[in-house]
Amino acid sequence: MLRVAVPNKGALSEGAAAILREAGYSQRSEAKQLVHLDSDTGVEFFYLRPRDIATYVAEGTLDVGFTGRDLLVDSGASAEEVMVLGFARSRFRFAAPAGSDFTEDRLDGVRLATSFPRVVGEYLSRRGVTPRLIQLEGAVESSIRLGIADVIADVVETGTTLRQAGLELFGDPILESEAILIKHSARETMPDGFDTLVRRLSGVLIARTYVMIDYDVDGDHLDDACKITPGLEGPTISPLARDGWYAVRAMVKRAEAQQLMDELWNLGARAILATDIAASRL
């Protein structure tokens, strides 16, 4: 039986539950539920603190886990990425009071508050800089106002919270993070259900990334239309009852769909439709 760790709160929890449901796995019915068995697939889900998931997977207690790259790196656990999941994206950045002119090179001995001391310490160590790290579990942006830190390093999504605290970003991004699926680094044999889980999750990610475009086009413009929508392995082309016209179907990236539909229309294609893909196996 495959045993899967799932975050029990926050953006990671919501995103993990959503992608698992889309992949056909049932999930817990209430937030206080700690364990859920999907009897149809034989997969058991354990709902844990996001920061603890890498540890459980590295110790071999659980087979795989959903977590954030920042949490995996900061844990130092013997676990590795299996696949990226495309949600809960964030950047880890330095911030200091506006106008203080801090740079990464000026952080030697400086009081630096963060919830991710390993990530920050290793990043600055590679640059020969050794700050005085102060570990906090949350509300890091308040540490400067309360007088226990000079600068902070924290997860930044929009920057609004930092600006409201009178802080501004400086330096390069320390880490680009997003949700990932992890397993033990040295584990070679995985239990039944692992390959299916990865295949199903990949199918959901593809379905989220692509849409299906259908359109009709005359034979004189068929080749040019197919160059606009080449598909993954070539478009599907079928003759229509209307003499000299063809129906074409192809997958295109969701982000490019509107532009491609405009190009097809200008070429002379008609009855252009874009539809969602519910699931896929490619």
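**Notebook: cores and a sheet**

I started with Phe94 in this predicted model. Skipping its neighbours within four places in sequence, I found Phe94 in contact with Glu104, Leu107, Leu112, Val120, Tyr123, Leu124, Ile152, Ala153, Glu168, Leu169, Phe170 and Ile174.

Next I looked up the largest nonpolar core. I got 44 residues for this core, and the members touching the most other members are Val4, Phe66, Leu85, Phe94, Leu107, Leu197 and Leu201. So Phe94 turns up again here, and its contact Leu107 is on that list too. Which helix gives the largest share of this core? I noted helix 6 (residues 194-209), with 5 residues. I also spotted another core lying apart from this one; it has 17 residues, including Ala257, Leu260, Met261 and Leu267.

Then I turned to the sheet. How are its 4 strands ordered? I wrote down 13-14-12-15, an open sheet with antiparallel pairing. At the edges I found strand 13 (236-239) and strand 15 (270-276), each pairing on one side only. On average, neighbouring strands are turned by 15° against each other, ignoring direction.

I zoomed in on strand 12 (residues 210-218) and strand 14 (residues 245-253). They run antiparallel and are joined by 9 bridges. I checked Asp214 as well, and opposite it in strand 14 stands Arg249.

Last, I looked at the helices against these strands. Helix 6 lies across strand 12 and strand 14, at about 50° to strand 12. Helix 8 (residues 257-267) packs on the sheet and touches strand 12, strand 14 and strand 15. I noted about 165° between the directions of helix 8 and strand 15.

Technical notes: Residues numbered from 1 in each chain as written. Predicted model: local features only at pLDDT ≥ 70, side-chain atom pairs only at ≥ 80, totals over all residues. Heavy atoms only, no water. Core = buried A, V, L, I, M, F, W, Y, C linked by side-chain atoms within 4.5 Å. Buried < 20%, exposed > 50% of the residue type's maximum accessible area, 1.4 Å probe, protein only. Helix = DSSP H or I, 4+ residues; strand = E, 2+ residues; numbered from the N terminus. Contact = heavy atoms within 4.5 Å. Pairing = 2+ DSSP bridges. Axes fitted to C-alpha atoms, helices over the stretch in contact; angles between N-to-C directions.
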